[in-house]
Each structure stands twice: as structure tokens, then as C-alpha cells.
Amino acid sequence: MRVPNLPLSRGGSMDEISLLRTALEEANGRLSAMQRELGDLRSRTRELAESSSYESALSKARSEVAATNSDSSRSSQPDELHVSPIGFVESGFVQKNGTPRQAGLVPAAPAKLRINWGSNPEHTLQGLEGFSHVWLLWVFDKNAGGAVKAKVRPPRGGGLTTGVFACRTPHRPNPIGLSLVTLRSVMDDTIYFDGGDLCDGTPVIDIKPYIPFADTPSSEDVRVPNWVVKGNAEQTDVPASARDSEAGDCHVVFTPEARESLRLICCAPDWAIESHARRSNSRPPALRFFRNDPARAEQAFRQALAADPRSIYRKHKCADQTYYIDIDGIDAVCSFDGNTVKVQQIRLMSDCDAR
């Protein structure tokens, strides 16, 4: 603290000395006050520093807790879910080609599923015989692989593009199929059903009974895009013949020779069927379902062909080529002409029938 300049005489009087002392005392008082203020500032600075460290530590702790919770959430939602088949379907559709795209399109096609889960598989089916229909959840195990696309062209759409979740393409992020089938009977550990759209050997992961009040929406509440109902007939760049066939109303004609061949095959003697089975040991045996039942076999072929099982490429690029469809080891040789399908020949499949 600067002391004011006081005019002192050479000798200095008592009054001057007293005045000087007073000024010094005032200066000391002010200096002490400033020192206290400085101390207070230093304390406040330390408090602020400590507070900042606390907030930083608190923020860090909060971040660590959030990260822990996030990791815990991720660990409770694993990237992979593991399921095991409860059984494998036995079906007349051995190849993807010709297998119905939807359940119910070929009601005459029988199939069966034997349960191989648990120590008492037959116990798992107890009470199921009381239901007329069941849902089957299964895996598209015959997909060829490759990247799954976000947008696809459904065969019924006639070239229309739609999202993978807005159609029933088998090529999905998780290749799970869902089919509503007619339950014909339950015997021990096996269910017998009709109208499936599953290839032979398809792994099934669950069965659920169909419950009308829960599974059937009110007709007033149901809506679907036009392409589902009409086969996308509004799309003018698709030929009229292709639009008709995509609607699933193809007219199927059997030649007399084909119908007679089908009758002879279905009613062939046991030794002939066994001989064929020995020659075709790499395939499931023929006539597991249509033995001695040519009428039902013909009905199954008619239903499958009426829905036009051809791919979009085959419809538009190979429409004039011969088409083959195999059901229960019976091979039908067909030709398409617009929305008419002619079954020209029927034969048993064998290893030498490579196409």
C-alpha cells in the first residue's frame, strides 16, 4: 500500500508523526483486508477445481454405467439364436422346382412329419388330433445362399419390386417359413397333413394349432395390395398371357397317354416299384403317397400346375421350353401355351433321368 506523501518539516512535529502513524495503520488495515480477499479467492479457486474434478469424475462414472448397461442389454439380446429341428418333413416334393409357393395351393398333396424331439415324442402331440389345421414353422434349408436383398420381385408380381418383408420370398434375413396345413391324422409320434408347401427333408422347428378366433381376422379388416389379388394385371409391360398365368388360374390338360401312364405307374406291382427303388437309391422312394391312387396323383399335378410354379425368368424367357415337375417320384413333362398347360408325358423319376 502506497503511503501518501506528507509534507514534513525537517525536524518533524508531534502532529505530523501522529498523522503519519494513522496513515500507516490505515494502510496496514487495507493490506490485511486485501490479503483476506486474496485468501478467499484462493479457497474459492480450490473449491472450483475440486468441484470440476468431481463433476468430471461423476460424468465419467455415469458414462461407465451407461456403457455397462448397454453391454448388458446387448448380452441379453444375442446376435444369434440357436434352434433345433423337432423333425423333418416327408413330402412328395423332392425338388424346389415345382414345390408350391404357398400352403394350400395343392390340397391333394399329402405329407407327414415324425417328431424326434424329447424322450417321449408321442407325448408332445397329445391333444393335437382335436384340431383341423396346424401352423408349421420351418427352415428354408434349400436356399442356394448368397446375399439377401432388401427388395425382390415376387413371381406373382409380374416384375413389380417390393420389400423383402412385404412378400413371402424364401430368401430372407432369417430363412423361416410359416405354413398353415390341414391336419389329417395323428398317429403316435407322427402327424399326417395335406396342402403343404415344404420340400422333402425340410427341418421343422415348431408346430402350433390353428385357433380361429385368434388366427382369423375379420374380413372387413383384411387388405392386400392389388398385385397379390390380381397378379399385378395392371402392369402393361407384362404380356397378357403371363399376367393370366400369374393369377394362378392356368388350365391343365392331360393327354390320354399321360393319364394312362399315371394310372399304370401308381398301380404297378410291388416288384416293379421295388426294382425302381433299387435303381434310384440316391432319391427318396417313389410312390410313398400315391400308391394305388392315380386319381389323387392327377389331382395333385393339376393343382400344382394350375398355380403356375414357373419362375419369372422361365415365364418370360423360356416360355416355349419343356417344363418338368416331380411329385412323389412321378415326373410330368409339360408345355405351356399362354395360360394352358398340357401334360404330355408321365414317367417315374430315376437316376438316369438327369435333366
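Strand S3 (residues 133-139) of this predicted model shows an alternating pattern of side chains. Val 134, Leu 136 and Trp 138 point to one face and are buried, while His 133, Trp 135, Leu 137 and Val 139 point to the other face and are not buried. This is a familiar arrangement, since in a regular strand the side chains alternate between the two faces of the sheet.

Strand S3 is paired on both sides. Seven bridges join S3 to strand S6 (residues 176-187), and these two strands run antiparallel. Val 134 has Val 181 as its bridge partner in S6. Five bridges join S3 to strand S8 (residues 203-209), again in an antiparallel arrangement, and here Leu 136 has Ile 207 as its bridge partner. These pairings belong to a barrel into which six strands close in the order S1-S2-S7-S6-S3-S8, with antiparallel pairing. Neighbouring strands of this sheet are turned against each other by 45 degrees on average, with direction ignored.

Aromatic contacts come next: the model holds three aromatic pairs. One of them joins Trp 135 and Tyr 210 in a tilted arrangement, 6.2 Å centre to centre and with 50 degrees between the planes. Because Trp 135 lies in strand S3 and Tyr 210 in the loop between S8 and helix H2 (212-215), the pair ties together parts that are 75 residues apart in sequence. With a relative accessibility of 22%, Trp 135 counts as partly exposed because the cut-off for a buried residue is under 20%. Tyr 210, at a relative accessible area of 18%, falls under that 20% cut-off and is therefore buried.

Another aromatic pair, Tyr 323 and Phe 336, is edge-to-face, at 5.8 Å centre to centre and with 80 degrees between the planes. Tyr 323 lies in strand S10 (residues 323-327) and Phe 336 in strand S11 (residues 330-337), so this pair ties together parts that are 13 residues apart in sequence. Tyr 323 is buried at 1% relative accessibility, and Phe 336 is buried with a relative accessible area of 10%. Phe 336 also has a charged neighbour, as Arg 310 lies over the face of its ring at 3.7 Å from the ring centre.

Turning to the nonpolar interior, the largest nonpolar core has 33 residues, and those with the most contacts inside it are Phe 290, Ile 325, Ile 330, Val 343 and Ile 346. At least two residues of this core are supplied by each of strand S9 (251-254), H5, helix H7 (294-306), S10, S11 and strand S12 (340-348). Helix H7 gives the largest share, six residues. Apart from this core lies another, of 18 residues, including Val 89, Leu 125, Phe 193 and Ile 207. Ile 207 is also the bridge partner of Leu 136 in S8.

Ile 346 offers a helpful closer view of the larger core. Leaving aside residues up to four places away in sequence, Ile 346 touches Phe 254, Ala 258, Ser 261, Leu 262, Ile 265, Ile 330, Asp 331 and Ala 332. Among these, Ser 261 has its place in helix H5 (residues 256-266) and is partly exposed, with a relative accessible area of 25%. Ser 261 and Ile 346 are 85 residues apart in sequence, yet 5.7 Å apart in space, C-alpha to C-alpha.

Notes
Residues are numbered from 1 along each chain as its sequence is written. This is a predicted model: local features need pLDDT of at least 70, side-chain atom pairs count only at pLDDT 80 or more; totals for chains, interfaces and linings use all residues. Side-chain values use heavy atoms; hydrogens and water are left out. Helices (H or I, at least four residues) and strands (E, at least two) are DSSP runs, numbered from the N terminus. Buried means under 20% relative accessible area, exposed over 50%, partly exposed in between (1.4 Å probe, protein chains only). Two strands pair if DSSP finds at least two bridges between them. Rings of Phe, Tyr and Trp (its six-membered ring) pair if their centres lie within 6.5 Å; planes under 30 degrees apart count as stacked, over 60 as edge-to-face and the rest as tilted. A charge sits over a ring if NZ of Lys or CZ of Arg is within 6 Å of the ring centre and within 35 degrees of the ring normal. A nonpolar core is a set of buried Ala, Val, Leu, Ile, Met, Phe, Trp, Tyr and Cys residues joined through side-chain atoms within 4.5 Å. Contact means heavy atoms within 4.5 Å. Axes are lines fitted to C-alpha atoms, for helices over the stretch in contact, and angles run from 0 to 180 degrees between N-to-C directions.
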